[in-house]
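Biologist: Could you take me on a close look at the site around the ligand? I would like to hear what surrounds it and where it sits.

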Amino acid sequence: MTNKQAAIKILRRLRSNGFEALLAGGCVRDMLLGRRAKDYDVATNAQPKEVTDLFKRTLNVGAKFGVIIVLIENQQVEVATFRTETDYVDGRHPGSVKFTTAAEDASRRDFTINGMFYDPLIKEVIDYINGQADLRAKIVRTIGRPAERFSEDYLRMLRAVRFSTQLGFTIEPLTWSAICTNSSNIAQTSGERISIELEGILINPNRSAGASTLFNSGLAEVIFPGLFSKNRKIAVEVLGQLREKVDFPLALAGLFAGCETDFAIDMCRVLKLSRSQTKHIKFLLANRGKLLDSEMSLANLKKILTEPYFDDLYEFQRAIQMAEGGTANTAVLENLSNRIKELGDVDLKPKPLLNGHDLIRLGAVPGPALGQLSQELYIAQLEGKLHSSEQAEQWVQKWMQRHREIEK
Ligand code: ATP
Ligand code: MG
């Protein structure tokens, strides 16, 4: 069962029990655009308690705000009671919600394109806020007065940029000017919420335009203070060169392409990224330029190839090269790629020919020198100079002899 079928099944059930029920929000927008919707949300006049009574399996995620998740088969559908949100206390959470009508529920939503309902049983759009006209004109416009709607929840400014990026829409002039005037207030929003919207902007293939919008609005500078006057051009260009499908760390590396690694990592702290995402970005930024070394030793090549984010590093570097000088600038990477192909299916991370015990048996003294010996031995193995443990033993003997002479 698809998410859409699950939503419609729930909707029929609510209807047959005397409630109003409609598809709502993003899925209506996407259906009208002929895009695949991420998920299908149901809006109803049934109260949360009535929803949980009607369905066997439910999750009470936000009954206070009128939101229940209904589970059928392998699907989860959000069923929300028509509501208005009032008394915004901190530009984030509504102080209270009041259960109400579909028309009022439409007007608490953020943008006209997101404020429509759809009755799938009679195939009718229910449009209280003129969303269809804006959808046709490809416009992101707040429902109601922009400054007022943003002051209820400043994250909506970033959402406007996300929808304009994802859909290729323009932001309506009054909505845009309210974003520019209020951009500094995005700082009142939590890092986690900012991060979700920013990811939506930057992983989209239209990310370069999205980044420009972030810069032009002033939002980028507020989220990442001190960043962009000088780095903006390279960021937009690198983002524009990245392949279509990227994940968030690679996209963020693109955004910070013109910055020092430590500075970028410090800036990213506000996003509350996972440890592995941070490691990923840091790897990409800290290893910029490494793949341009046409003299890279075989051992170093094998080592970098076994890094989990190698493919992203290659892609990041390719985008930088393209941004800085077009295809003429990527020859060095193509050579590298040929070198990699020539390696065939060689074991990039072979088991060391000798381990620490073997080295001690051969007379090495435990301590820092042993570590160094073992590293150098492994490099020689990766370089393809040693193929058997006998060869390795001979190499170790020579190494120890050389070092004894140095010590004397
Ligand atoms: P996507 O397809 O990316 O999920 P969406 O439109 O479904 O886009 P969601 O964030 O899932 O966006 O929110 C669902 C709906 O809830 C929106 O379409 C909008 O009507 C409403 N909404 C979400 N966040 C806000 C907000 N901060 N302020 C007002 N309305 C909101
Ligand atoms: Mg959604």
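Modeller: Happy to; here is the ligand site, from the contacts outward to the domains. This is a predicted model, in which local features need pLDDT of at least 70 and side-chain atom pairs count only at pLDDT 80 or more, while totals for chains, interfaces and linings use all residues. Residues are numbered from 1 along each chain as its sequence is written, chains are lettered from A and ligands numbered from 1 in the order in which they are written, and side-chain values use heavy atoms, with hydrogens and water left out.

Around ligand 1 there are 14 residues, each with a heavy atom within 4 Å of it. The closest are Arg29, Asp153, Arg156, Arg159 and Arg162. By type, the shell holds ten charged residues, three polar and one nonpolar (Asp, Glu, Lys and Arg count as charged; Ala, Val, Leu, Ile, Met, Phe, Trp, Tyr, Cys and Pro as nonpolar; the others, Gly among them, as polar).

Now the atom pairs. Arg29 has a side-chain N or O atom 2.7 Å from an oxygen atom of ligand 1, and for Lys38 the corresponding distance to a ligand oxygen is 3.2 Å. Asp153 brings a polar side-chain atom to 2.9 Å from a nitrogen atom of ligand 1. On its own the ligand has 580 Å² of accessible area, and the protein covers 80% of that (Shrake-Rupley method, 1.4 Å probe).

Two elements give two or more residues to the shell: helix H2 (26-33) and helix H7 (155-167). Helices here are DSSP runs of H or I with at least four residues, numbered from the N terminus. H7 provides the largest share, four residues.

Finally, the wider setting: domain 1 (1-137) and domain 2 (139-258) both contribute to the shell, so ligand 1 lies between them. Those domain bounds come from an automatic or database assignment.

How values were computed:
A polar contact is a pair of N or O atoms within 3.5 Å; within protein, one must be able to donate a hydrogen and the other to accept it, and residues adjacent in sequence count only if both atoms are side-chain atoms.
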